[in-house]
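Grab a coffee and open the model in your viewer. Below are some short exercises, each followed by a worked solution you can check against the screen.

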Amino acid sequence: MASLETLDTFQVHIKLPEIFTKRFVSFIPQQRQLVTELLEKRVILNYALSMDRSNLWVTIQAKNQLAVMDILATFPIINDVKVEIFEL
């Protein structure tokens, strides 16, 4: 019988750019699609956007912080945001 991998929970704070360029806005549909897929797979447990659209908070289950960074690297918006990762 295969052993179950233990996952930790991480809170990711994503600071969005002050100005949404056309390029950044063009990534939003892809970002939403990816988040939906990761929510369905229970990689992302929740995802919240502040009312003023300046911050995102993402709760992720992963093996470790490196795995979280690998997940974040797949986000279409990643090159345009600032990220902080906190282990819960």
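## Exercise 1: The surroundings of S50

Leaving out residues up to four places away in sequence, S50 touches N55 and W57. Keep in mind that this is a predicted model.

**Task.** Work out where S50 is found and whether S50 is buried or exposed.

**Solution.**
- Step 1: find the segment. S50 is in the loop between β2 and β3 (55-62).
- Step 2: check the accessible area. S50 has a relative accessible area of 13%. The cut-off for buried is under 20%, so S50 counts as buried.
- Step 3: look at the side chain. The side chains of S50 and D52 are joined by a polar contact of 2.7 Å.

## Exercise 2: The overall layout

**Task.** Trace the chain from start to end and write down the pattern of helices and strands.

**Solution.**
- Step 1: count the elements. There are 2 helices and 4 strands in the chain.
- Step 2: put them in order. Along the sequence they read β-α-β-β-α-β.
- Step 3: get the dimensions. The C-alpha trace spans about 50 × 25 × 20 Å along its principal axes.
- Step 4: see how much is tucked away. The chain has 88 residues, and 35% of them count as buried.
- Step 5: check the contacts. Of those with a separation of 6 or more, 68% are between residues 24 or more positions apart.

## Exercise 3: The two faces of α2

**Task.** Sort out which residues of α2 (residues 65-73) are buried, and say how they are arranged around the helix.

**Solution.**
- Step 1: list the buried residues. In α2 these are A67, V68, I71 and L72.
- Step 2: look down the axis. The buried residues of α2 fall within an arc of 140°, so they line one face of the helix.
- Step 3: turn to the other side. There, L66 and A73 are exposed.
- Step 4: ask what lies over the buried residues. The cover includes β1 (8-15), α1, β3 and β4 (82-87).
- Step 5: inspect the N-terminal end. N64 caps α2 here, with a side-chain oxygen 3.1 Å from the backbone nitrogen of L66.

## Exercise 4: The largest pocket

**Task.** Find out which element gives the most to the lining of the largest pocket.

**Solution.**
- Step 1: get the volume. The largest pocket holds about 250 Å³ of space.
- Step 2: pick out the lining. Among the lining residues are F24, I28, Q31, R32, V35, Y47, L49 and R53.
- Step 3: assign them to elements. Both α1 (22-40) and β2 (44-49) supply at least two residues each, and α1 gives the most, with 5 residues.
- Step 4: sort by character. The lining has 9 nonpolar, 1 polar and 2 charged residues.

## Exercise 5: Two unusual backbone angles

**Task.** Locate R42 and R53, each with a positive phi though not a glycine, and compare how accessible they are.

**Solution.**
- Step 1: recall the usual case. Most residues other than glycine have a negative phi.
- Step 2: read the angles. R42 has a phi of about 65°, and R53 has one of about 60°.
- Step 3: place them. R42 sits in the loop between α1 and β2, while R53 sits in the loop between β2 and β3.
- Step 4: check accessibility. R42 is partly exposed, at 49% relative accessibility. R53 is exposed, at 54%. The cut-off for exposed is over 50%.

## Exercise 6: Two buried strand residues

**Task.** For I44 and H13, give the strand and state whether each is buried or exposed.

**Solution.**
- Step 1: take I44. I44 is in strand β2, and its relative accessibility of 0% makes it buried.
- Step 2: list its contacts beyond four places in sequence. I44 touches V35, L38, L39, V58, T59, I60 and F75.
- Step 3: move on to H13. H13 belongs to strand β1 and counts as buried at 17% relative accessibility.
- Step 4: look for a polar partner. A polar contact of 2.6 Å links the side chains of H13 and N55.
- Step 5: add the other contacts of H13. Neighbours within four places in sequence aside, these include L56, W57, K82 and F86.

Terms used: Residues numbered from 1 in each chain as written. Predicted model: local features only at pLDDT ≥ 70, side-chain atom pairs only at ≥ 80, totals over all residues. Heavy atoms only, no water. 1 Å grid on protein atoms, 1.4 Å probe; cavity = no way out; pocket = protein on both sides within 12 Å on 5 of 7 lines; lining within 4 Å. Points joined across faces, edges and corners; volume = space filled by probe spheres on them. Nonpolar A, V, L, I, M, F, W, Y, C, P; charged D, E, K, R; others polar. Buried < 20%, exposed > 50% of the residue type's maximum accessible area, 1.4 Å probe, protein only. Polar contact = N/O pair within 3.5 Å; in protein donor to acceptor, adjacent residues only side chain to side chain. Contact = heavy atoms within 4.5 Å. Arc of directions from axis to C-beta.
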